[in-house]
Amino acid sequence: MPLSGDLLRLADAVLFPGFAGHTPPDWLRRRLGEGLAGVALFSRNIADPAQVARLTAALRAENPSVLVGIDEESGEVTRLEVATGSSRPGGYALGVVDDVALTEALARDLGGDLAAAGITLDFAPSADVNSNPDNPVIGLRAFGADPALVSRHTRAFVRGLQSAGVAACAKHFPGHGDTSVDSHHGVPLVADGGIEDALLPFREAIKEGVKAVMTGHLLVPSYDAELPATLSPKVLTGLLREELGFEGMIITDGIEMAAVSGAYGIGGASARAIAAGADAICVGGERADEATAAGIRDAIATAVTQGLLPEERLADAARRVRELASWAASSGSQASRDGSVGLAAARRAIRITRRSTAPVLPLTSAASVVELAPEMNLAIDRNTPWGVGQPLARLLPGTAVTRLAVGDSTGSALERLLGEAAGRPLVIVVRDVHRHAWQEQALRHLLSARPDAVVVEMGLPERSDLGAVHIATYGSARVCGQAAAEVLTGRV
């Protein structure tokens, strides 16, 4: 039975596909003209802010009410600044400073940049409570491990972003923090005992008037022992809509992620998510082709004809998307932008532990920097610049920088670097050293030979007793590296 044009348009009205390139492909232009709800931008779509502004103008030429969404959390997860690294630290650094006025100002500044580029929906903030230090996908993206702290900074971020006319989207409901599995690859389990703590920031975001909530592909047995949250009516309708009272737009995390698509396929998962209470489907992080977007649209429409998805539920979802688009169109703001707020925040987040009475800092001569680089999760673009070596080399010309990945940190390689560092200050840069045994081993090897070395932790610092001086940046954004370089050279 052929699908009606009206039903296909209704299915398109809940889709946010990704696409390839710096300009809209013909298929996307056509679909926008036919009523496609929105798009999701990724790093592959971005060259610089001016190009993004041209891109979003081209999208609106086809559909003036299109919602343009992006993962711009600041810190490690940046799309708009993927080529340079973020000019703002991420959530954890803001939580360490714990100044809600600063968080609100930074989010307003970010919103100003997004609005200027024509972006109307930011898939941020992460409202997750990172209570599991071994979490492979949240970590620094969260404001912290304390529910009350995360709640107040989630509210501040929502206020700041939406004051600039950009819709905030609290994620990953009902909380991805107390998990040890990356939902890109499997289904994380949320323990019963921590669910109320996990929900608190979302309750507070709703009180603040957050315009959107993004689902997490998480199994929450205390609400639904069988279906992940994205596909669960008990979680999306029973908990988020009815118990928490959220009336805004619910959008899924990337629907192609294995935690939901593995069992049902991308189209099947999309239809089930709308039936469960989601209003919009985000896709395109890994699958950004026309066939995927068309397949999801057809699967949603087919689910209506087969009785899996009531047409009234699909129409209600499309209505909520339209309401958000109307808010975005009428909420344009000329938010003043302050290019210094990000670096100021990064400087305030630095924590220094001195373990040597010798005058290790400031460094006054060219140093040797060894950066130990773990493989990052899929939410972080692997091409995003990070580190201390480059900003330090600008302050101390002649500084040598070597970056080692897991297979590079052999004993012979470390001995060679120690030889090259003889007579020079040694700086060792790590990211989440506690989660990567090879980093721990390499760090132990280097410190056994050079106990005078400075250790800079750009991830979560589970220990601060490493090195003669330990510097924790609580982030690896460009400004975090710059702030660490300033500390190393005594410029703060």
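Which strands does helix H14 lie across? In this predicted model, helix H14 (residues 411-420) lies across S10, S11 and strand S12 (426-430). The helix runs at about 170° to S11.

**The sheet**

Those strands belong to an open sheet of six strands. The order is S9-S14-S13-S12-S10-S11, and the pairing is mixed. Strand S9 (351-354) and strand S11 (400-404) stand at the edges. Each has a single partner strand, so one side of each is left without a neighbour in the sheet. On average, neighbouring strands are turned by 15° against each other, direction ignored.

Look at the pair S10 and S11. Strand S10 covers residues 368-372 and runs parallel to S11, joined to it by five bridges. Leu-372 stands opposite Leu-404 in S11.

**Two packed helices**

Two packed helices are described by the angle between their axes and the distance between the axes. Helix H5 (residues 100-116) and helix H6 (residues 147-163) pack at about 35°, and their axes are 7 Å apart. Their crossing is right-handed. H5 brings residues including Val-100, Leu-106 and Leu-114 to the contact. Among those from H6 are His-153, Phe-157 and Leu-161. The residues of this contact divide into eight nonpolar, five polar and four charged.

**Backbone exceptions**

Most residues other than glycine have a negative phi, and most peptide bonds are trans. Four places in this model are worth finding with that in mind.

| Place | Feature | Value |
|---|---|---|
| Lys-171 to His-172 | cis peptide bond | omega about 0° |
| Leu-361 to Pro-362 | cis peptide bond | omega near 5° |
| Asp-98 | positive phi | phi near 55° |
| Asp-432 | positive phi | phi about 55° |

His-172 lies in strand S5 (residues 167-173). Pro-362 sits in the loop between S9 and S10.

Asp-98 is in the loop between helix H4 (91-97) and H5. Asp-432 is in the loop between S12 and helix H15 (437-449). Is each aspartate buried or partly exposed? Asp-98 has a relative accessible area of 32%, so it counts as partly exposed. Asp-432 has 12%, so it counts as buried.

**One lysine**

Lys-234 lies in helix H8 (residues 233-243). Leaving out residues up to four places away in sequence, Lys-234 touches Tyr-223, Asp-224 and Leu-239. Lys-234 and Ile-300 are 66 residues apart in sequence. In space, they are 20 Å apart, C-alpha to C-alpha.

Note on methods. Residues numbered from 1 in each chain as written. Predicted model: local features only at pLDDT ≥ 70, side-chain atom pairs only at ≥ 80, totals over all residues. Heavy atoms only, no water. Helix = DSSP H or I, 4+ residues; strand = E, 2+ residues; numbered from the N terminus. Contact = heavy atoms within 4.5 Å. Axes fitted to C-alpha atoms, helices over the stretch in contact; angles between N-to-C directions. Left-handed = near helix turned anticlockwise from the far one by under 90°. Nonpolar A, V, L, I, M, F, W, Y, C, P; charged D, E, K, R; others polar. Pairing = 2+ DSSP bridges. Buried < 20%, exposed > 50% of the residue type's maximum accessible area, 1.4 Å probe, protein only.
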